[in-house]
Amino acid sequence: MFKKIIKGGHKKHSKSDSIDGSLHGYGLPGSGHPGSGSGSSVVVNYASWPGHNAKSSNPCPRTTLPPMFAVEPLPLFKDVAVSDRQNLFLRKLQICCFRLDFSNTLKLVREKEIKRQTLLELVDFIQSGSGKITERCQENIFRCLPPASHENTGQEAKDPEDEEPYLEPSWPHLQLVYELLLRYIVSSDTDTKVAKKHIDHTFVSKLIDLFGSEDPREREYLKMILHRIYGKFMVHRPLIRKAINNIFYRFIYETQRHSGIGELLEILGSIIHGFTLPMKEEHKLFLVRALIPLHKPKAVSVYHQQLSYCVVQFVEKDYKLADKVIRGLLKYWPMINCQKEVLFLGELEEVLEATQTAEFQRCIVPLFRQIARCLNSAHFQVSERALFLWNNEHIMGLVAHNRQVILPIIFEALERNIQHHWNEAIHGLTANVLKMFLEMDAELFDECETRFEEKKAKARDVEEQREMIWEKLADAAAERGEDHMVTV
């Protein structure tokens with residue numbers, strides 16, 4: 001269930017009080033491995049003990065500690081001399097290398113509590129700045145994620161919105177592991193040059209893979225940690241962006257299942273906010289190839305708020321991208337999912353607020369054809385959300401400057417709402433929009449009204465001719481039937 005990447009340093013230790021840092025948790029819960037010492041449910045990996053490096057030719061001296069075969073409490077840091085704290089720190093790490101079985105809450109309760117308290121002490125010790133973190137002993141421990149609930153049962157995957165979140169049974173310990181990693185990264189005592197040798201590309205890639213966890217508490221910690229790594233280790237920034245990009249590709253075009261899309265988008269929202277201008281072509285391609293297609297999956301409502309924020313950030317950074325974004329939204333516009341349509345209309349409003357006249361004019365015809373369809377939606381929330389666009393001052397300014405093109409496109413939809421829509425609230429909102437256009441340009445309004453009446457008259461004529469033709473066909477069929485009747 002776990003992979004341990006043990007990395008030793010090559011730097012001489014400081015003579016001052018110092019400790020050896022942990023990069024990512026100790027003793028994450030595992031199962032299925034034969035135990036040693038106190039029983040099969042307690043697993044110890046001797047290779048993870050400080051000072052053990054059988055294959056290493058590293059000449060750097062290391063403190064060799066006797067092995068521990070049971071989880072036993074150790075003294076508090078404050079109860080030992082400053083000169084002994086380093087060895088005590090390493091001994092506490094040994095306790096954290098024991099892996100306990102969390103599937104049974106009644107098993108090894110004492111050992112679990114000792115380990116939890118030890119993790120708490122390590123977190124407090126690093127956070128307090130009592131010692132400087134060096135590179136002598138740094139462990140990276142990653143666990144394989146458990147299979148998703150639908151994979152366990154073999155049943156068809158449910159809608160992510162309807163699923164109950166899976167809660168990791170080992171979270172009381174796992175949370176402290178993440179807290180330890182977070183404190184290590186943000187600590188002012190952490191030497192970035194040393195840490196980046198261990199927080200390397202492999203470490204970051206495995207950390208990003210953990211975003212697939214179904215436990216929202218774990219994903220929240222991962223989000224904070226990855227964001228800190230992105231800010232502190234510039235060398236990893238291209239890798240992080242590429243890894244997130246690949247997760248999005250697999251989600252969109254292959255699996256359409258991933259628990260951490262929302263958290264990854266939150267990180268990206270902060271990253272995009274820091275983009276400099278002119279924007280790199282790499283970032284624009286990311287928008288077109290990853291962010292916009294993320295509107296396609298059925299589960300978009302789970303992460304739409306974060307997605308919308310990222311997309312709007314792009315348009316606010318570079319207004320020339322507005323045309324691509326709007327056309328992308330129209331490409332993936334839902335046809336039968338009304339709740340998704342409401343979300344899309346909300347995002348469209350935010351994008352239009354950041355859109356300039358030139359970009360607005362490039363997509364004006366397909367845009368308002370889609371808005372006209374939304375105006376006539378039988379689902380009153382879709383129609384209502386479309387009508388609310390006219391309450392936005394910036395959008396009204398764009399519409400006013402381009403009313404000669406817009407009003408002929410949507411006039412028929414507005415009239416149909418007045419005449420046929422079942423919801424009274426929609427009638428009132430539609431009447432307000434028509435009144436705005438009338439006050440804006442009465443002459444254009446009259447022209448549109450005239451064309452609409454002419455179109456209605458033509459439609460009536462076509463319908464009457466169709467009925468006449470059907471009547472003639474019916475009469476002809478009746479006569480032909482009478483001629484071929486057989487009298488008995």
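**Exercise 1. A pair within one helix**

Find out how far apart Asp-323 and Arg-327 are in helix α12, and say what that spacing amounts to.

*Solution.* Step 1: Asp-323 and Arg-327 are four residues apart in helix α12, so about one helical turn separates them. Keep in mind as you work that this is a predicted model.

Step 2: Now look at the side chains. Those of Asp-323 and Arg-327 meet in a salt bridge, at 3.0 Å from N to O. Side chains of opposite charge can pair when their charged atoms come close.

Step 3: Check how each partner is covered. Buried means under 20% relative accessible area. Asp-323 has 14% relative accessibility, so Asp-323 counts as buried. Arg-327, at 38%, counts as partly exposed.

**Exercise 2. A pair that links two parts**

Work out which parts of the chain are tied together by Lys-284 and Asp-318.

*Solution.* Step 1: Start with the contact. Lys-284 and Asp-318 form a salt bridge in which the closest N and O atoms are 4.0 Å apart.

Step 2: Place both residues. Lys-284 belongs to helix α10 (residues 281-291), while Asp-318 sits in the loop between α11 (300-317) and α12 (322-331), so the pair ties together parts that are 34 residues apart in sequence.

Step 3: Compare each value with the 20% cut-off for buried. Lys-284 has 21% relative accessibility and therefore counts as partly exposed. Asp-318 has 14%, so Asp-318 counts as buried.

**Exercise 3. Another helix pair, and a network**

Describe the salt bridge between Arg-416 and Glu-412, then name the residues that salt bridges with shared partners join into one network.

*Solution.* Step 1: In the salt bridge of Arg-416 with Glu-412, the closest N and O atoms are 2.4 Å apart.

Step 2: Both Arg-416 and Glu-412 lie in helix α18 (residues 403-420), at a spacing of four residues, or about one turn of the helix. With 43% relative accessibility, Arg-416 counts as partly exposed.

Step 3: Elsewhere, Glu-220, Lys-223 and Glu-266 are joined into one network by salt bridges that share partners. The structure holds 16 salt bridges.

**Exercise 4. The second largest pocket**

What is the volume of the second largest pocket, and which residues lie nearest its centre?

*Solution.* Step 1: The volume of the second largest pocket is about 300 Å³.

Step 2: Its lining has 14 residues, and those nearest the centre are Tyr-230, Arg-237, Arg-241, Gly-274 and Phe-275.

Step 3: Sort the lining residues of this pocket by type: five are nonpolar, six polar and three charged.

Step 4: Look for the helices involved. At least two lining residues come from each of α7 (216-232), α8 (237-255) and α9 (261-273).

**Exercise 5. Backbone surprises and a surface patch**

Say what is notable about the phi of Gln-256 and about the peptide bond from Leu-277 to Pro-278, then describe the patch that includes Leu-473.

*Solution.* Step 1: Recall the usual pattern. Most residues other than glycine have a negative phi, and most peptide bonds are trans.

Step 2: Gln-256, in the loop between α8 and α9, has a positive phi near 55 degrees. At 33% relative accessibility, Gln-256 counts as partly exposed.

Step 3: The bond from Leu-277 to Pro-278 is cis, with omega near -5 degrees. Pro-278 is in the loop between α9 and α10.

Step 4: On the surface, Ile-469, Trp-470 and Leu-473 make up a nonpolar patch with about 360 Å² of accessible area together. Leu-473 is part of helix α20 (residues 442-483) and, with 48% relative accessibility, counts as partly exposed.

Technical notes
Residues are numbered from 1 along each chain as its sequence is written. This is a predicted model: local features need pLDDT of at least 70, side-chain atom pairs count only at pLDDT 80 or more; totals for chains, interfaces and linings use all residues. Side-chain values use heavy atoms; hydrogens and water are left out. On a 1 Å grid over the protein atoms alone, a cavity is a set of points where a 1.4 Å probe fits but cannot get out, and a pocket is an open set with protein on both sides within 12 Å along at least five of seven lines; lining residues have an atom within 4 Å of a point. Grid points are joined across faces, edges and corners, and a volume is the space filled by probe spheres set on the points. Ala, Val, Leu, Ile, Met, Phe, Trp, Tyr, Cys and Pro count as nonpolar, Asp, Glu, Lys and Arg as charged, and the others, Gly among them, as polar. Patches are made of residues with over 30% relative accessible area and no salt bridge: like charges are joined within 9 Å, nonpolar side chains (Val, Leu, Ile, Met, Phe, Trp, Tyr) within 5 Å. Accessible areas come from the Shrake-Rupley method with a 1.4 Å probe; for residues, only the protein chains shown count as cover. A salt bridge is a side-chain nitrogen of Lys or Arg within 4 Å of a carboxyl oxygen of Asp or Glu. Buried means under 20% relative accessible area, exposed over 50%, partly exposed in between (1.4 Å probe, protein chains only).
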